[in-house]
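Hi everyone, thanks for making time this morning. I'd like to walk you through one structure, so let me put it up on the screen.

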Amino acid sequence: MSEVGNVNASGMSSNKGKTKKAADSFAPGADILKSWNDVHKALRSEFGETVFRSWLKPLTLQACYHGTLEVSVPTRFMRDWIQTHYAKRILEMCGQKNPEIKRLEIVVVQNMVSLEEAAEKTKPAKSNQNGKGHEAPVLDGQTDPFELASPLDARFTFDSFVVGKPNALAHAAARRVVESAIVPFNPLFIYGGVGLGKTHLMHAIAWELRAKKPEKKVMYLSAEKFMYQFVKALRSNDTMAFKEFFRSVDVLMIDDIQFIGGKESTQEEFFHTFNALVDQNKQIIISGDRAPGDLAGVDERLRSRLSWGLVADIQPSTYELRLGILKAKRDQLQAKVPESVLEFLALKVISNIRELEGALNRIVAHADVAQQEITLETTQDVLSDLLRSHDRRITIDEIQRKVAEHYNIKLGDMHSARRARNVARPRQVAMFLSKQLTARSLPEIGRKFGGRDHTTVMHAVRKVEELVGEDPSFAQDVEVIRRALTG
Ligand code: ADP
Ligand code: MG
């Protein structure tokens, strides 16, 4: 089994209680293979392109034993989803093709391809000596399990990616890469803070390429994994296969490149791979937590090479984007969540999108279990710990002090009527942060700023959000102050 990948969880199948033992299974015969192949193809027309691409395409035939057909998917989430939504129909279709098949078992096989296997494949043909006869069958060009090194999350598609100002550039660049007939820029470097959607975009690219250009060998993996595989190859004296394999891909995607910081030999190897692929006009897509030039512990040569193509950033989210994401997520979950609750979350949970999604999931799950309607009150209740960590101890006075300090203006200017830009802007930032970080209402905030009107505060909040979207260095200032206050 280990040749195929780790079986992390045994499938929940219709034959409950029976644990599958590897010894029971045998590789499917040609007729089973053909049946499965036909069914897999028929699924596309039955469920449509989008569903097929997101859920059914990755299904890979693993084995057939005692009337049970075993298929694998790369994630637990996918397995559960397919189990509840499609398994019954798939089994029916299989049964029609081949009456021997009575049960369907869906297992999770992470790492559909181990790199060793992939490297093995690029070596001159050797007889298959593993003797276990349990290779994942290659059904057609499209399901070649060798095209991916890390499993892709079925939820991370372009369809589910909400576009807003902070991520518009990165999104447009990603789309360009999948739509363009040529390599539009090399590399595409996407960077941004934690939980802002880098991995989501990377997976979306990979899914789309799988669907649109199935002949391309797409390789997606984290920098950590790249490093790990490289070190492993070094140890086993097998760097040739490693090199050959990486140089044979058409699209190389490396996530979280910052992890190669300080790892010199990995960087060296990556640099050569990078150059070899660029020379062959193969697309490279990379993500990192900061711009190429700012990567710590990364060789100057590599840093400059990484910024040759298009460098696209993802900015911290805005209120609008957060609200948009929440709405999309609510529709996906088909949950009844009042608008006011979404607005409240978009206002309060600002650190990153992952936490925002987590907050929504929590209140939806809670309402489900408690059989309760979701209201602003239940939301505050369920998320009290989370909200407290955002709200705790932060007062408007404190915010004013920090902001004044940061911009080097007098504290008194927070309350004064002066309208010069150099004091008016920091004052707006302080109002914005007061709205974000405290539970105070707009009129209350206005009062704290020398008795200003609530519309002035609202205007300040909008203005700052707009500037955050437009001006990265301003956004960074705001972020620094926010961190100082909440950290
Ligand atoms: P990163 O790799 O930048 O740390 P991820 O791509 O893992 O972040 O995103 C974190 C979570 O937020 C994921 O569940 C992702 O689907 C979600 N997310 C981020 N940006 C968006 C977006 N624009 N639209 C929808 N979901 C998003
Ligand atoms: Mg990520």
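Among contacts between residues at least 6 apart in sequence, 76% join residues at least 24 apart. Please keep in mind that this is a predicted model. The chain has 20 helices and nine strands, and buried residues make up 51% of its 487 residues. As for the outside, the chain exposes about 22800 Å², with carbon and sulfur atoms supplying 51% of that.

Now to the ligand. Which residues come nearest to ligand 1? There are 17 residues around ligand 1, and the nearest are V162, G195, T199, H200 and E357. For those of you who like polar contacts, I have three to show. A polar side-chain atom of E357 sits 2.7 Å from an oxygen atom of the ligand. At L196 the partner is a polar backbone atom, 3.2 Å from an oxygen atom of ligand 1. And the side chain of N167 has an N or O atom 3.2 Å from a nitrogen atom of ligand 1. Taken on its own, ligand 1 has 560 Å² of accessible area, and the protein covers 92% of that.

L196 also turns up in my next stop, Q315, as one of the residues that Q315 touches. You'll find Q315 in the loop between strand 9 (310–314) and helix 11 (319–333). Is Q315 buried or exposed? With a relative accessible area of 11%, Q315 is under the 20% cut-off, so it counts as buried. Its side chain makes a polar contact of 2.6 Å with the side chain of D313. Leaving aside residues up to four places away in sequence, Q315 touches P166, L196, V468, P472 and A475.

Last, let's look at helix 16, residues 396–407. Its 12 residues, at 1.5 Å each, should span 16 Å, and the end C-alpha atoms are indeed 16 Å apart, so the two values agree. Which residues of helix 16 are buried? They are I396, I399, Q400, V403 and A404. Looking down the axis of helix 16, you see these buried residues fall within an arc of 125°, so they line one face of the helix. What do they pack against? The partners are helix 17 (421–437), helix 18 (442–448) and helix 20 (472–486). Right after helix 16 comes N408, which has a positive phi, near 60°.

That's my tour, and I'm happy to go back to any of the views.

Notes: Residues numbered from 1 in each chain as written. Chains lettered and ligands numbered in written order. Predicted model: local features only at pLDDT ≥ 70, side-chain atom pairs only at ≥ 80, totals over all residues. Heavy atoms only, no water. Helix = DSSP H or I, 4+ residues; strand = E, 2+ residues; numbered from the N terminus. Expected span 1.5 Å × (residues − 1). Buried < 20%, exposed > 50% of the residue type's maximum accessible area, 1.4 Å probe, protein only. Arc of directions from axis to C-beta. Contact = heavy atoms within 4.5 Å. Near = heavy atom within 4 Å. Polar contact = N/O pair within 3.5 Å; in protein donor to acceptor, adjacent residues only side chain to side chain. Areas by Shrake-Rupley, 256 points an atom, 1.4 Å probe, with all protein chains shown as cover.
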